Every structure is written in C-alpha cells, then in structure tokens.
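Colleague: Could we go through this model together? I should like to understand its chains, its cavities and a few residues.

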Amino acid sequence: MIRLEHVKRSFTVGDQPVAALRDISLHIAAGEYVSIMGPSGSGKSTLLNMIGLLDRPDAGLYLLAGQDVSQLNEEQQAQVRRDKIGFVFQFFHLVPRLTAAMNIELPLILAGVDPQERKQRVDELLASYGLTNRADHRPEQLSGGQRQRVAIARATIMRPAVLLADEPTGNLDRATGREVMALLEGLTEQGVTLILVTHDHEIGDRAQRQLVMVDGQLASDTRQP
Amino acid sequence: MTLTDTLLFASGSLRGARTRTLLMMLAMAIGVAAVVVLTALGEGARRYVIGEFSSLGTNLVIVLPGRSETSGISPGMLVGQIPRELVLDDAQALLRSNAIRRLAPLSVGSAQASNGARNREVMVLGSTAQLLAIRHMEMGEGQFLPDTDARLASSVCVLGAKIRRELFANEAAVGGWVKLGDRRFRVSGVLKEQGESMGFNTDELVIIPVASAHQLFNTQALLRILIEAKGRDEILRARSEAESILLARHSGERDVTVITQDAILATFDRILRALTLAVGGIAAISLAVAGILIMNVMLIAIAQRTQEIGLLKAIGAPPAQIRKLFFAEAALLSLVSSLAGWALGEIGSFVIGRAYPTLPIGAPWWAVLAALATALGTGILFSVMPARRAAKLDPVLALARR
C-alpha cells in the first residue's frame, strides 16, 4: 500500500540544516495497523506528513498504491489526499463556525458530491458514531471525545484507504482516549490502513506493528527481520 | 466543489466573523453612498441650471455689444475708441432676416420707483411687446406693453409681482400711476409671480418701452438683443444672418458678439458634467481606501484562519479552490456592501431632495454603475493578494499552530 524508498527530508533552522528524516525506507501493507513512536523531534510527525502528502521528500521515492505520488503537482496531490487519505489530529481541527454535521460533510463538499448523497452519507456516519443528536451542535458545544469522533467521521467519510492519526488521544482523558482508540481500531477491521503517531506506549503497543523513530531514523520495527 | 457550495461556504465564513464583516461592509457602503450622493448632487445642479436656462426661452440667439475675443488688439483700442454701441436701429434691421421670428431689444437701468409715499429702488428693463413671448413670461393681471413702434416712448409700465405688492399693497395697480425717476408711467399690467431664475428676479422688475428707457437713462445703447429663431434648425442661420447684418451696419467691423442659447447650454452642461465627474471621482477614492481596508482585514482573517485553511488543504482542497473561496468571500462582501451603499446613497439623495425641493437631485445611472463596478472591482482586486497568500500556506505549519 505504502512504499517509501530512501526518503530524506531536512529543514533549515536558523542557518543550520537539520535532518528530520535520514534515509527512510518502509513498506506498509494494505490493512496494517502501525504505530510510530519516538521522542519529540525524532521525525515521526514529519514521516506522517510525508505519508499524508502534506510534505514532500527532498530525495527518495514514495509509492502510494503503486503510484509514484512524490512527483505529482499540488493539485494532483490534493486530489490524492481527498480520495485516499484521512487525517485525525491531536487538536481535532474542526471548523468552529460549522456544525458537527457540516464539518463531517466538508470533504464531500470539496469533492463536489451531490447534496442529497452528502446528507445520506453524513447521516449514516453520524448514526454509526453515535452523534445523531449532536449533528447541529458546533464544536464548542461538544466534549473532547465527541469532537474527536466528529473529526474521525470527517476523516473517514470519503472512505479512504489510509487513515493517519497524529496523537489522536493526546488531548483527551484516558477513558475517552480508549473509546476513540476503539473506534479507530474498529476501522482497521474494515480494511483501513491505520498509521498512528503517539508517544504514549500504552496506546502504541496496541498496534500490530510498532515503529520507533530516533533522530530521523527507524530505530526499530517489529515486522522487520 | 460546486459554485453554490463555494458561495455557501464563503457566506458562512463571512457570517462567522460578524463584526469584521459588518465593519468592512460599512467602509465599502460609505464609499458607494458617497459616490451616489455626490454625483446625485452634481447631476441635480446640472439639471437645475439647464432647466433654468431653458426656461429663459426657446431657440434663443443673443446679441451682445462688444467682441469677446482675445485674438489681439483691435485698431480702435489704440486710438482710445470703445466698441460701437448696439442701438435700436440695429435691432430693427435684424428683422430683415427670415430666420428670425421675433426679437426684443433690452436696455437696463435702475431708478427710484414711487407711488405716493411708497417708494423703492427698482431695476428697470426697457424692451418691446415681443419680450413677453420670447422670455416665456406670463401676465398676472392687465396687459403687457403695447405692440407699437419700438421708437415710440409711451409712458406705460409693467410691474413685477413683488414691486406691485410693495408699491400698491391692496390698491388696484392696473391703471394706476408709478413714478420712475422724474417721469410718470401708467401701469398696464402686472407679471405673474415666478420667482428667481438665473439670478434674475422678474418679480422685482419694472418693464417699460425701450424708447422710454432710453429717455429715462439718457442713452441710446442696448444691453442685449434677444432673438427668437423660427425653429431649432434655424438657430444657426439666425445667428450668422444677425452677424452679417450687424457687420454691414457697423461698417465692416466685428464689434458684436452673437451667441446661441444652445451653445451656452452646452457649455454649462459640459462644465457641470465635469464637476459631477470630479466629485464622483473624489468619492471613488474612498472606495479604493475601502478596498485597501478589505485587503488588510482579509490578511488578518487569513492569519486567524490559518488552521482552517490548513485543514481544508489536508482534506483535499487544491490551492485553486482555496483561492476561489477567498475570492468568493470578497466578491460577496463587495456585492452586498455596494448594494447597501447604493440604497444608502439613494436614501441620502432622497432626503437632500426633500430638504431642497428646487434641486432636481438624482444620481445618474452611469455614476451608480461606475460606483458599483468600482466597489466590486476594488473588492475583488484587493482580495487577490490575500487569496494567493492563503493558497500558498504550508498545511504542515498551518496545522501545527494551535
């Protein structure tokens, strides 16, 4: 599903180049449940952004479902993000002025889906995430757990093949975090590839495959020989 | 993303930041309203002046003594001659032209008018019976000057409505006597009250035969000759024939000026239109200022909405789409505020029109169109930069910020 070959990425901090990713090669199969752990500044978020096409590698190759996506222009990358990738963020990133239902609908609007079909798909998703009675609430009127469920609904409404979650429980209490994790793990059972960045071992250890990053390199991979 | 969804989303984000939106709308609406009100005023002034001028008469050609030209020094000036006067015989001679329907010589002076103990200083106009028809004046009571030979100095006069009130009060004026200077005139009629026109108040005028005026003021000179051409098409012929007749009479010297009412009208029209354009243009500057304000506020809005923009990019909005969203916002904002400004301007014009009923105030359609177009144009133009900036935002950085 995802294949990275010798991917490098460095940033310039002040006038010093800092390598965030040093020669990463990685293969993740469709339907895998992967956690990426590591200390702050180890490059795990950069790796996730790279996989999510929010960032471009300086060198190396990125194949997503067999397609070389690192060479696509911005327009094409946006389309790949829209159709194949879902994002879940630590801070939810819901649009504050829109209701829960409208936040979930957003990717469908961007994709130009017909309004009737939009409503039907949003309603289905609201129901399956237990948010039906919260549909017309704005994010500020929702609890943290509800917000993250809305965000997950938004990330999955386009039925993406890959779901990327950056510290999805980082802003939630333990009990709510567990609920959210259960929801995400439920999705992997439906065949979604889930990649999770966290520094919480309790959460990271639940994944089938665990990657640990240190200083821009993969320090360990439970699947690698 | 469909156009409807783009517009809905844009209007949603405008409604989401109510204060900001209202302030921007206010700035733009004031600009549009200023253009509408100021051009309405200018246009009102133009229509007023044109209307007043037209009411002076139709198809008028006016002969003035002297030559208003700056082409050089005429030989007469060197020997201390003043231009030849325009006299009554000149006026009579003009009637030879068949392009001229009628004419009225004018001579003006001021004199003390009295009826018994009541007296006041008045402006005395010497003319003939034709003046009534040429100047479109109407009689309130009695008769105008008798239609006799212009050289006959008969002792009759016609009073303006205000003079009649002041000299006669409740007495019957027609048939009464008025003393002008040292001569007595019988009142043959009173003009209908018509108020001021072009700074010339016929209500405060006394009209006597031109020959009597010449005697009263001890002169032969005419101030003007008012000519009415036979029709609109004859105006230019009346003018050129008047010129050639007077040229022949004044031994080949071009010492009179013949102007047409149309030419004066056209000049006033041009001047006042230019004035309207100028004030409209000045007001339009406020629209440009409003445009810059919109740009500023949009840039701030983008800074505040960094996260939202980052998110839109992450969930698959290409840069072009982000630009379109911000364009749509600017366009909607400009459209709504310029329409509001238009309404505001029309209300303002209406109120001013009520306060000054003589002024036919009303914004010309071209000014309204120009104001709306400028508002929309600046609004959209000044959103280009913010929209581009939004589209260029790096989603990683945008989302990283809390």
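Modeller: The following exchange takes up the chains, then the cavities, then individual residues. This is a predicted model, in which local features need pLDDT of at least 70, side-chain atom pairs count only at pLDDT 80 or more, and totals for chains, interfaces and linings use all residues. Residues are numbered from 1 along each chain as its sequence is written, chains are lettered from A and ligands numbered from 1 in the order in which they are written, and side-chain values use heavy atoms, with hydrogens and water left out.

Colleague: How many helices and strands has chain A?

Modeller: Chain A has 7 helices and 10 strands. These are DSSP runs numbered from the N terminus, helices being H or I with at least four residues and strands E with at least two.

Colleague: And what is the radius of gyration of chain A?

Modeller: The radius of gyration of chain A is 18 Å, which agrees with the value near 17 Å for a compact globule of 225 residues. The radius is taken over C-alpha atoms, and the globule rule is 2.2 Å times the number of residues to the power 0.38. Along the principal axes, the C-alpha atoms of chain A fill a box of roughly 50 × 40 × 40 Å.

Colleague: What about chain B: how many helices and strands are there?

Modeller: Chain B comes to 13 helices and 12 strands. Its radius of gyration is 33 Å, well over the 21 Å that the globule rule gives for 402 residues, so chain B is more spread out than a compact globule. The C-alpha trace of chain B spans about 100 × 55 × 35 Å along its principal axes.

Colleague: What percentage of the residues in each chain is buried?

Modeller: In chain A, 52% of the 225 residues are buried; in chain B, 48% of the 402 residues are. Buried means under 20% relative accessible area, exposed over 50%, and partly exposed in between, with a 1.4 Å probe and protein chains only.

Colleague: Changing topic, how many cavities of 30 Å³ or more does the structure hold?

Modeller: There are 4 cavities of 30 Å³ or more. A cavity is a set of points on a 1 Å grid over the protein atoms alone where a 1.4 Å probe fits but cannot get out, and lining residues have an atom within 4 Å of a point. Grid points are joined across faces, edges and corners, and the volume is the space filled by probe spheres set on the points.

Colleague: What lines the largest cavity?

Modeller: The largest cavity holds about 80 Å³ of space. Its lining includes Arg81(A), Arg82(A), Phe87(A) and Met158(A), and also Ala314(B) and Ile315(B). The largest share, 3 residues, comes from β6(A). By class the lining has 7 nonpolar, 1 polar and 3 charged residues; Ala, Val, Leu, Ile, Met, Phe, Trp, Tyr, Cys and Pro count as nonpolar, Asp, Glu, Lys and Arg as charged, and the others, Gly among them, as polar.

Colleague: Which residues of α2(A) are buried?

Modeller: In α2(A), the buried residues are Gln77(A), Ala78(A), Val80(A), Arg81(A) and Arg82(A). They pack against β4 (59-64), β5 (67-68), β6 and α3 (100-110) of chain A together with α10 of chain B. Asn73(A) caps the N-terminal end of α2(A), with a side-chain oxygen 3.1 Å from the backbone nitrogen of Glu75(A).

Colleague: Which residues line the second largest cavity?

Modeller: Among them are Phe9(B), Ser13(B), Arg305(B) and Glu329(B). This cavity has about 50 Å³ of space, and α11(B) supplies the largest share of the lining, 4 residues.

Colleague: Now Thr156(A): is it buried or exposed?

Modeller: Thr156(A) counts as buried because its relative accessibility is 10%. The residue lies in helix α5 (residues 144-156) of chain A. Its side chain makes a polar contact of 3.3 Å with the side chain of Tyr129(A). A polar contact is a pair of N or O atoms within 3.5 Å; within protein, one must be able to donate a hydrogen and the other to accept it, and residues adjacent in sequence count only if both atoms are side-chain atoms. The side chain of Thr156(A) also reaches the backbone oxygen of Ile152(A) at 2.9 Å.

Colleague: Finally, where does Trp177(B) lie?

Modeller: Trp177(B) lies in strand β6 (residues 177-180) of chain B and is partly exposed, with a relative accessible area of 33%. Leaving aside neighbours within four places in sequence, Trp177(B) is in contact (heavy atoms within 4.5 Å) with residues including Ser114(B), Phe168(B) and Arg186(B).

Conventions
1 Å grid on protein atoms, 1.4 Å probe; cavity = no way out; pocket = protein on both sides within 12 Å on 5 of 7 lines; lining within 4 Å.
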